[in-house]
Amino acid sequence: MKTVSENSCFGGTQGVYTHASQACACDMTFGLFLPEEASYVPVPVLWYLSGLTCTHENAMVKAGAQGWAAEQGIALIFPDTSPRGEDVADDEAYDLGKGAGFYVNATQDPWKPHFRMWDYIADELPALVGEHFALDMDRQAITGHSMGGHGALTLAMNLPGRFASVSAFAPIAHPTTSDWGRKQLGAYLGADESAWAAHDATLLMREKGFDGPVLIDQGGSDQFLDLLKPEALSEAMAARRQDGVFRMQKGYDHSYFFVSTFIEDHVAFHAEALHA
């Protein structure tokens, strides 16, 4: 692992690091904010998964999460959204290939040699940061935006007991019925739609739900509402009587202006679960 940069930030440190990933068979980059408390005690962890076209940097510089995490004594991890490198397969469309890993393990060519973002986020990166930083990996929570909201929800529901809480900003909520989903899941996982179900938050909510609290914020003026399908997830949460809150935020779009407006709520929500 190599240090790209480390900057003082709200009494703690915002770092950027690279490492050779076995899961993705390429070098990967991630951001990590450590609050001041990490200098003398392991701290709980909040993962932030980003959306289409993003890298580790978007949320790190736009969401404004570090100040709130510092107040709560929580670390923030900002992974990349896909493998990178000259030999990594890509597509001309913004919603497939680099920047669009969808947090799955691809089984189809040309994607399968590198696009193993599920293994990277679920196994490899947690082991790496747990080994090298003062993190309490027994206390983890997860959030994300758009494609990252999809990833946060599907990881949380598929890994029971891993995360104390899960939240999402404008998640791709029902990808098996959306053009933001069918295209990518078909490309990465193949034509057998039964393999897609484990990566659909609405289907997972209907089937198993989450063993902790859930917070969903959705902008009411989001330009991608028809692709995100938030109503499906809201209905599934209600039908399951999930411990959670779904909020439609009037006037907000899909941008980081929306995320930064409500990130304080999400950090506080996770802090309550992590410090319980």
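These legends describe three close-up views of a predicted model.

**View 1. The largest pocket and the residues that line it.** The largest pocket has a volume of about 210 Å³, and its lining is made up of 14 residues, among which L52, T53, H145, F224 and H254 lie nearest the centre of the pocket. Sorted by class, this lining comprises six nonpolar, seven polar and one charged residues.

**View 2. Helix α5 (residues 179-189) and its buried residues.** W180, G181, Q184, L185, Y188 and L189 are the buried residues of this helix. When α5 is seen down its axis, these buried residues fall within an arc of 100°, and they therefore line one face of the helix. The packing partner of the buried residues of α5 is α7 (225-228). At the start of α5, a side-chain oxygen of S178 comes to within 3.0 Å of the backbone nitrogen of W180, a residue that also belongs to the buried set of the helix. Following α5 is G190, which has a positive phi, near 95°.

**View 3. The surroundings of S82, in the loop between β5 (75-79) and α3 (117-132).** With a relative accessible area of 0%, S82 is buried, since the limit for that term is under 20%. A polar atom of the S82 side chain lies 2.7 Å from the backbone nitrogen of G99. When neighbours within four places in sequence are left aside, the residues in contact with S82 are M28, G97, K98, G99, A100, G101, F115 and M117, so that G99 appears both in this list of contacts and as the residue whose backbone nitrogen faces the polar side-chain atom at 2.7 Å.

Key: Residues are numbered from 1 along each chain as its sequence is written. This is a predicted model: local features need pLDDT of at least 70, side-chain atom pairs count only at pLDDT 80 or more; totals for chains, interfaces and linings use all residues. Side-chain values use heavy atoms; hydrogens and water are left out. On a 1 Å grid over the protein atoms alone, a cavity is a set of points where a 1.4 Å probe fits but cannot get out, and a pocket is an open set with protein on both sides within 12 Å along at least five of seven lines; lining residues have an atom within 4 Å of a point. Grid points are joined across faces, edges and corners, and a volume is the space filled by probe spheres set on the points. Ala, Val, Leu, Ile, Met, Phe, Trp, Tyr, Cys and Pro count as nonpolar, Asp, Glu, Lys and Arg as charged, and the others, Gly among them, as polar. Buried means under 20% relative accessible area, exposed over 50%, partly exposed in between (1.4 Å probe, protein chains only). Helices (H or I, at least four residues) and strands (E, at least two) are DSSP runs, numbered from the N terminus. The arc is that of the directions from the helix axis to the C-beta atoms. Contact means heavy atoms within 4.5 Å. A polar contact is a pair of N or O atoms within 3.5 Å; within protein, one must be able to donate a hydrogen and the other to accept it, and residues adjacent in sequence count only if both atoms are side-chain atoms.
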